[in-house]
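Thanks for coming, everyone. Please look at the slide while I talk, and hold questions until the end.

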Amino acid sequence: MQPKLKDNYEFHIPTVTIESLLGSGATSTVYSCVKNDGKSYAVKIENHAHRKSNVIAFRREAAILARLKDPNIVEIMEVGEVGEDNIRPYIIMERLVGGPLSLHISKEELSEEAIISYAKKLAKTLGKVHKF
């Protein structure tokens with residue numbers, strides 16, 4: 001798969017093979033990938049390199065996540081940039097499976113107790129993140 005971002009920017013990260021699109025938002029796109037070690041990961045790449053504020057925020061996010069060690073936060077494997085004239089930062093991180101929590105909650109697959117437990121973990125984890 002030759003990945004393209006919203007502005008049709010094609011990129012190549014030498015340490016990974018892109019497999020499929022996982023999702024795309026206003027500022028970044030996430031792909032499933034396999035690193036040279038054969039393991040599956042996710043790669044998140046900035047959509048808008050020309051927006052300096054987005055690139056600065058993306059780099060800050062990568063720096064914070066790389067320093068955080070918590071079982072409820074994805075582990076960062078690699079941070080880098082691609083491109084020469086149109087530099088795009090990227091983050092390679094562990095790939096989580098199972099879909100978004102909101103999907104499970106909306107399908108009523110979780111008990112009220114499980115939802116409360118997740119909410120407490122989320123609040124505790126966000127507390128750690130916001131200390132940075």
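Start with E81. Its relative accessibility is 40%, so E81 counts as partly exposed. Remember that this is a predicted model. What does the E81 side chain meet in a salt bridge? The partner is R59, at 2.3 Å from N to O. R59 sits in helix α1 and E81 in strand β4, so this pair ties together parts that are 22 residues apart in sequence. R59 also has 40% relative accessibility, which means that R59 counts as partly exposed too.

How many salt bridges are there by this rule? The count comes to four. Let me take two others from that set.

Here is K35 with E78. Their closest N and O atoms are 2.9 Å apart. K35 belongs to strand β2 and E78 to strand β4, so the pair ties together parts 43 residues apart in sequence. Are these residues buried or exposed? K35 is buried, and E78 is buried as well.

Next, D70 and K128. Their side chains meet in a salt bridge, 2.7 Å from N to O. This pair links distant parts of the chain. D70 is in the loop between α1 and β4, K128 is in helix α3, residues 112-129, and the two are 58 residues apart. D70 has 13% relative accessibility, so D70 counts as buried. K128 has a relative accessible area of 34%, so K128 is partly exposed.

Now step back to the whole chain. The protein has three helices and five strands. From the N terminus on, the order is β-β-β-α-β-β-α-α. Along its principal axes, the C-alpha trace spans about 50 × 30 × 30 Å. Of the 132 residues, 33% are buried. Take the contacts between residues at least 6 apart in sequence: 41% of them join residues at least 24 apart.

On to the strands. Find β1, residues 16-24. β1 pairs with β2 in the antiparallel sense, over seven bridges. A hairpin of three residues joins β1 to β2. Within this pairing, S20 stands opposite S32 in β2.

Then follow β2 to β3, residues 40-46. These two strands also pair in the antiparallel sense, again over seven bridges. V30 stands opposite K44 in β3. The hairpin of β2 and β3 has four residues between the strands. Look for G38 there: G38 takes a positive phi near 90 degrees.

So β2 pairs with β1 and with β3. Why is β2 called largely enclosed by the rest of the structure? Because seven of its eight residues, 28-35, are buried.

Next, the pockets. I will show the second largest one. About 310 Å³ of space lies in this pocket. It is lined by 14 residues. Nearest its centre are L22, G23, V30, A42 and M93. Which elements give two or more residues to this lining? They are β1, β2, β3 and β5, residues 88-94. By class, the lining has six nonpolar, five polar and three charged residues. V30 appears twice in this talk, then: opposite K44 in β3, and among the residues nearest the centre of the second largest pocket.

Two loop residues to finish. First, H48. H48 lies in the loop between β3 and α1. Is H48 buried or exposed? At 13% relative accessibility, H48 counts as buried. What does H48 touch, leaving out residues up to four places away in sequence? The contacts are A26, T27, N54, V55 and R88. Check I87 as well. H48 and I87 are 39 residues apart along the chain, with their C-alpha atoms 9.3 Å apart.

Second, P71. P71 lies in the loop between α1 and β4. That loop also holds D70. P71 has 80% relative accessibility, so P71 counts as exposed, whereas D70, at 13%, counts as buried. Now compare positions along the chain and in space. P71 and S20 are 51 residues apart along the chain, and their C-alpha atoms are separated by 25 Å.

That is the tour. I will take questions now.

How values were computed: Residues numbered from 1 in each chain as written. Predicted model: local features only at pLDDT ≥ 70, side-chain atom pairs only at ≥ 80, totals over all residues. Heavy atoms only, no water. Buried < 20%, exposed > 50% of the residue type's maximum accessible area, 1.4 Å probe, protein only. Pairing = 2+ DSSP bridges. Contact = heavy atoms within 4.5 Å. 1 Å grid on protein atoms, 1.4 Å probe; cavity = no way out; pocket = protein on both sides within 12 Å on 5 of 7 lines; lining within 4 Å. Points joined across faces, edges and corners; volume = space filled by probe spheres on them. Nonpolar A, V, L, I, M, F, W, Y, C, P; charged D, E, K, R; others polar.
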